[in-house]
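Okay, thanks for coming, everybody. I'd like to walk you through one model today, so let me put it up on the screen.

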Amino acid sequence: MNRAAAAHETVAALRTIREQWGELLLAIETPPADVWPPRQLAHTLRAVDDEQLDVVDRAPLVLREHPAPANLDALDTGLAVERMIFGLADTLAAAVQFGEQGAQLDLRRWVFADPGAVDIRHAHGSRAHGLHFACVWIEGRVLDEDTAPERQLDGILAAPPFVPLPEHLLHEARRTVRIAEGRLLRTLGLDARSTPVPDRACPWCGGDLDLHTAPDTAPSVTCSTGPGCAAPVPLDEQGRRVWGWGDLVALVAALEATSERDAPAPAA
């Protein structure tokens, strides 16, 4: 794989991790759910309090206590992803970041953790800024940003804060980031997969329903019956009735109505 392609894949995976990180933090505080409804739709349907809305802004997972997480698998994934991303940032910084001169003045630099530091702000270094910061910082190194001499206010050219990323470290970054991305997406059920919707049949024809997810698209649901299904949604390229993102709320309502209609009457 050439350098441009490796950089493109790495940046895309980093952005996926950043975009889905809030979902993972919510998952840590939410008991594991069945396939249905899909995670994104569940967040839309339920009321979310202010504390949950602020979850993305909380301290990194490695820096906070977790007395009673609701989803241990999600927590394990979050901690593993942070370890991989923070560790990668340390590795790249050691290779491409110039010496410590002026470090306190240049906010672009990655600051290594110093467990022996008295000041808690220095003990965790740049890790204290969280996973989003680390991903953006790594992206800059992968794209060789800030690697050209910089003209100072007095007109003198100064050395840049970083040197271009060596080829072998670019491929190591790609490998590490894609592993982290894959684990995060699998935990959230957002990797490319098709899963039967359990214990629910199509409200219009009784056919089997399947949930389709992918990391870069909204979830959708298809009915196995095909064109004979009377559901008021379009057909996909395989001739199945398909509920896209805009139709899923109506499908949830129809499934709930069917469940209530078929529920046994209470005993007299």
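I'll start with the overall layout, then go through a helix pair, the sheet, an aromatic cluster and two loop residues.

First thing to say: this is a predicted model. The protein has eight helices and six strands. If you follow the chain from the N terminus, the elements go α-α-α-α-α-α-β-β-α-β-β-β-β-α. There are 268 residues in the protein, and 40% of them are buried. As for contacts, take the ones between residues at least 6 apart in sequence: 59% of those join residues at least 24 apart.

Okay, helices. Two packed helices are described by the angle between their axes and the distance between the axes. Here, the pair to look at is α1, residues 3-28, with α4, residues 72-96. Their axes are 10 Å apart, and the packing angle is about 145°. The crossing of α1 past α4 is left-handed. So who makes the contact? On the α1 side we have Leu14, Ile17, Trp21, Leu24, Ala27 and Ile28. From α4 come Ala74, Leu75, Thr77, Gly78, Val81, Glu82 and Ile85.

Now the sheet. Four strands make an open, antiparallel sheet, and the order is β3-β4-β5-β6. Which strands stand at the edges? Those are β3 and β6, the latter being residues 242-243; each has a single partner strand, so one side of each has no neighbour in the sheet.

Zoom in on β3, residues 193-201, and β4, residues 208-214: these two pair antiparallel over five bridges. To get the register, Arg193 has Thr213 in β4 as its bridge partner, and Pro196 stands opposite Asp210 in β4. The β3 and β4 hairpin has six residues between its strands, and in that hairpin Gly206 takes a positive phi near 80°.

Next, the aromatics, which I've saved some time for. How many aromatic pairs do we count? The count is four. One of them is Trp137 with Phe162: the ring centres are 5.8 Å apart and the planes are at 80°, so we call that edge-to-face, the cut-off being over 60 degrees. Trp137 is in helix α6, residues 131-142, while Phe162 is in the loop between β2 and α7, so this pair ties together parts that are 25 residues apart in sequence. And both rings belong to buried residues: Trp137 has 4% relative accessibility, and Phe162 has 0%.

Ring pairs link Trp137 and Phe162 with Trp110 and Phe133 into a cluster. Then there's Arg141. Its charged end sits over the ring of Phe162, 3.7 Å from the centre. Arg141 also lies over the face of Trp137, at 4.9 Å from that ring centre.

Last stop, backbone angles. Most residues other than glycine have a negative phi. Asp144 goes the other way, with a positive phi near 55°, and Asp146 has a positive phi too, near 60°. Where do they sit? Asp144 is in the loop between α6 and β1, where β1 is residues 150-151, and Asp146 is in the loop between α6 and β1 as well. Asp144 is partly exposed, at 24% relative accessibility, and Asp146 is partly exposed at 29%.

That's my tour. Happy to go back to any of these views.

Note on methods
Residues numbered from 1 in each chain as written. Predicted model: local features only at pLDDT ≥ 70, side-chain atom pairs only at ≥ 80, totals over all residues. Heavy atoms only, no water. Phe/Tyr/Trp six-rings, centres within 6.5 Å; stacked < 30°, edge-to-face > 60°. Buried < 20%, exposed > 50% of the residue type's maximum accessible area, 1.4 Å probe, protein only. Lys NZ or Arg CZ within 6 Å of the ring centre and 35° of its normal. Pairing = 2+ DSSP bridges. Axes fitted to C-alpha atoms, helices over the stretch in contact; angles between N-to-C directions. Left-handed = near helix turned anticlockwise from the far one by under 90°. Contact = heavy atoms within 4.5 Å.
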